[in-house]
Amino acid sequence: MKFETRKANKTEQTAYVARAIEQARIGLPAHEGSLDPTGSTVFISRTNHEAMERYADLKATGWTLAHHLPVLAGNLHDFTAIKPDTIFELDIPQISARAEAAYKAEIETHNLAVARQEQQEAEIMVEFERREAARRAQLLEDVRADIERQANPRFKRSDVNGYQHR
């Protein structure tokens, strides 16, 4: 199976970034302050009062409580809220930068795998040529010996050719 090296393609990269943004928009919630922001966030609070105050502040800026999303922390005072589009738009440059870096890393990983495969194929061909040369040399030696035996038959004594009678 032959792989080909990949080059960064602008349309492919744009589609990759668009998928990453959409996945971030609808994906699992991230914890507050995460480097991988998503469309919803898990807020961790120590008390019920702190959670209610935090949610009231968020509600005033357009956030909505996510009843359908799981709370990942498991604390009774934690809650998950969905970002308004205006706040999510602020995260898009960070999501895009991480997606572009992931795209480039994916291409580099693929190209390294292709280089390893080509190197392995070259090593296989060198070993194949070595074995083929050894096989051909042995075959040539056997053919020469057969021709020599046919042209110059030599008779051996029965005690040295292995056919002696006991």
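**Note on the predicted model**

1. Overall make-up. The protein contains three helices and four strands. The model is a predicted one. From the start of the sequence to its end, the elements follow the pattern α-β-β-α-β-β-α. In that pattern the strands come as two β-β pairs, with a helix symbol before, between and after them.

2. Burial and surface. The protein has 166 residues, of which 22% count as buried. About 12,800 Å² of the protein is exposed, and carbon and sulfur atoms supply 57% of that area.

3. Contacts across the sequence. For contacts between residues at least 6 apart in sequence, 61% join residues at least 24 apart. Points 7 and 8 give examples from helix H1.

4. The sheet. The four strands make an open sheet in the order E1-E2-E4-E3, and the pairing is mixed. Its edges are strand E1 (30-31) and strand E3 (64-65), each of which pairs on one side only. Helix H2 (residues 48-60) packs on this sheet, where it touches E2, E3 and strand E4 (79-82). The direction of H2 makes about 0° with that of E4.

5. Pairing of strand E2. How do the strands on either side of E2 run relative to it? Strand E2 (residues 40-43) runs parallel to E1, and two bridges join them. Within this pairing, Ala30 stands opposite Thr41 of E2. With E4, by contrast, E2 runs antiparallel, and four bridges join the two strands. Here Phe43 stands opposite Phe79, a residue of E4.

6. Side chains of strand E2. In a regular strand, side chains alternate between the two faces of the sheet. In E2, Ser40 and Val42 point one way, while Thr41 and Phe43 point the other way. Are these four residues buried or exposed? All of them are buried.

7. Gln13 in helix H1. Gln13 lies in helix H1 (residues 10-26). Its relative accessibility is 9%, so Gln13 counts as buried, the cut-off being under 20%. Which residues does Gln13 touch, not counting those up to four places away in sequence? They are Glu100, Tyr103 and Lys104.

8. Ala20 in helix H1. Ala20 also has its place in helix H1. Why does Ala20 count as partly exposed? Its relative accessibility is 24%, and partly exposed means between the 20% limit for buried and the 50% limit for exposed. Leaving aside neighbours within four places in sequence, Ala20 is in contact with Ile95 and Ala99. Ala20 and Ala99 are 79 residues apart in sequence, yet their C-alpha atoms are 6.2 Å apart in space.

9. A nonpolar surface patch. Ile124, Met125 and Phe128 form a nonpolar patch on the surface. Together these residues have about 290 Å² of accessible area. Met125, one of the three, is found in helix H3 (residues 85-151). With a relative accessible area of 40%, Met125 is partly exposed.

Key
Residues are numbered from 1 along each chain as its sequence is written. This is a predicted model: local features need pLDDT of at least 70, side-chain atom pairs count only at pLDDT 80 or more; totals for chains, interfaces and linings use all residues. Side-chain values use heavy atoms; hydrogens and water are left out. Buried means under 20% relative accessible area, exposed over 50%, partly exposed in between (1.4 Å probe, protein chains only). Contact means heavy atoms within 4.5 Å. Two strands pair if DSSP finds at least two bridges between them. Axes are lines fitted to C-alpha atoms, for helices over the stretch in contact, and angles run from 0 to 180 degrees between N-to-C directions. Accessible areas come from the Shrake-Rupley method with a 1.4 Å probe; for residues, only the protein chains shown count as cover. Patches are made of residues with over 30% relative accessible area and no salt bridge: like charges are joined within 9 Å, nonpolar side chains (Val, Leu, Ile, Met, Phe, Trp, Tyr) within 5 Å. A salt bridge is a side-chain nitrogen of Lys or Arg within 4 Å of a carboxyl oxygen of Asp or Glu.
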